[in-house]
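This report is an introduction for someone looking at the structure below for the first time. It deals with a ligand site and with two helix pairs.

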Amino acid sequence: MKKIIGMTFPKQDTNLGLEPSLLTVLPSGDNVMYSMENIDFNDEEVEYYACSVYITGMREFKEWASRHDKSKIIVGGYEPTINPQEFVPFAHKVMVGPCDDFYASIAQEGDIINGITNYKRIPRYDLYDIKNNQQIIPLKKRDDIVTSINTSQGCPFKCDFCCSPLMCDRLISKPLDLIKEEIEFLKNFNPKFVFVRDENFPLQIDWRERLIAINDMGAKIYLFASANLLTEDNVKFMKENGVYMVCLGLEDITVDYAKNKKLDEVCDLLHSYGIMVYLSFIVNPLKVKTQRESDKFYIKLISRFCDLKPEMVCGNFLMPFRGTKIWEDYKDLVKEEDFDFYNSKSAFLEKDLVNRTRMEYEMFYYQWLYYNSEFYRDNVRDFHVGDTLEERFIELRREFEGKENKLVLGKSLLR
Ligand code: SF4
């Protein structure tokens with residue numbers, strides 16, 4: 001029997017990875033496999049290649065596809081959803097949006113098809129070694145098992161920078177019975193942590209029932225939410241049902257977001273119930289172009305950290321995606337070669353490479369500074385516990401080595 005081979009482009013980063021969402025698309029059958037190597041296969045032995053492509057994997061995918069039989073290639077994921085026409089020369093079918101019924105989807109006429117989802121089966125977790133899952137979570141050790149689950153898809157909001165609604169612009173909840181079946185399967189791995197991948201978990205009407213079901217796994221739960229949904233009643237319920245950490249989007253601190261009006265209050269509330277806070281923030285390279293602008297920006301950011309006391313922070317450079325509202329403002333700054341840098345850690349909107357390197361270093365440096373400060377030790381937690389959070393920052397520090405003086409000088413910035 002010929003094989004069906006699933007692949008993701010870019011190649012999966014096993015240091016940071018989690019189960020690829022492609023496992024939801026891959027059909028049943030012993031002839032189905034997921035390959036992490038992105039090697040060349042013998043087309044004669046293959047029925048279909050199911051390829052998921054993110055923008056940083058465009059070049060890699062096009063090169064790989066040009067060496068294989070186009071009539072066997074099915075491509076989907078973020079980039080084909082946003083720019084399907086661009087993939088038509090490389091694939092038999094270009095799939096737009098989410099999908100969990102591979103055969104029904106590809107049976108549709110035309111080069112560009114909509115993915116069909118009918119929620120009848122759980123993702124093919126059996127095709128993936130869960131030990132490859134790594135997540136940066138406070139107190140998670142390298143060997144602790146972590147898994148993830150999606151109980152809904154899509155986001156009805158339209159934050160001007162975000163590409164999630166482009167994949168699915170409505171909130172669609174998976175049936176609860178299917179979630180329970182998935183949880184029963186995931187329990188076999190005995191996970192210590194579970195990451196709920198929903199864009200905004202408490203947005204679902206029945207999120208409480210879903211949380212009770214997930215808590216049945218007995219793992220520490222980490223999920224995304226927006227501050228405006230976190231009332232005391234909701235936070236209390238989360239604490240009673242296994243929530244360990246909530247990720248909130250601080251976003252760009254120079255912009256006011258309606259969803260963040262209650263952010264200070266909510267961080268206090270989460271901490272008062274013993275739930276950790278993870279804040280992700282955005283740095284727009286055009287706003288930190290000079291050293292002076294950058295110093296001002298980061299002093300403000302560090303001051304927000306001191307107000308909100310997050311256990312974990314994560315910086316992302318602004319990445320304008322085609323199809324988002326901000327695209328028009330930035331499109332002249334984005335060339336095709338920049339697609340390789342859409343990893344949120346590259347300040348590719350800055351074209352001067354020396355200045356770009358400074359920006360990338362500073363984003364690391366201020367996070368390092370926060371974690372290693374007396375403030376963090378005395379008011380938040382001990383950073384030096386050998387967990388994946390500390391390990392990741394030691395790794396990053398190694399990459400930026402040679403800039404030690406600045407690390408010491410900057411400590412005085414923390415109050
Ligand atoms: S940032 Fe969050 S709330 Fe805003 S559109 Fe993206 S997923 Fe939705």
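The text that follows takes up the ligand surroundings and then the two helix pairs of this predicted model.

**Ligand surroundings**

The ligand is surrounded by Cys155, Phe157, Lys158, Cys159, Cys162, Ser164, Pro165, Glu199, Asn200, Ser226 and Gly249. Sorted by class, this shell holds 5 nonpolar, 4 polar and 2 charged residues. Lys158 and Glu199 are counted as charged because Lys and Glu belong to that class.

**Helix pairs**

The table sets out the geometry of the two pairs.

| Pair | Residues | Axes come within | Crossing angle |
|---|---|---|---|
| H6 and H7 | 176-187 and 207-215 | 9 Å | roughly 15° |
| H10 and H12 | 291-308 and 353-371 | 11 Å | roughly 35° |

At their crossing angle, H6 and H7 are therefore roughly parallel to each other. Their crossing is right-handed. On the H6 side the contact is made by Leu176, Ile179, Lys180 and Ile183, which meet Glu209, Arg210, Ala213 and Ile214 of H7. This contact comprises 5 nonpolar and 3 charged residues, with no polar ones.

The crossing of H10 and H12 is right-handed. H10 contributes Ser294, Tyr298, Leu301, Ile302 and Phe305, and these meet Glu362, Tyr366 and Tyr370 in H12. By class, the H10 and H12 contact has 6 nonpolar residues, 1 polar and 1 charged. Tyr298, Tyr366 and Tyr370 are counted as nonpolar here because Tyr is placed in that class.

Notes
Residues numbered from 1 in each chain as written. Predicted model: local features only at pLDDT ≥ 70, side-chain atom pairs only at ≥ 80, totals over all residues. Near = placed C-beta within 6 Å. Axes fitted to C-alpha atoms, helices over the stretch in contact; angles between N-to-C directions. Helix = DSSP H or I, 4+ residues; strand = E, 2+ residues; numbered from the N terminus. Parallel < 35°, antiparallel > 145°, perpendicular 65-115°, else oblique. Left-handed = near helix turned anticlockwise from the far one by under 90°. Contact = placed C-beta atoms within 7 Å.
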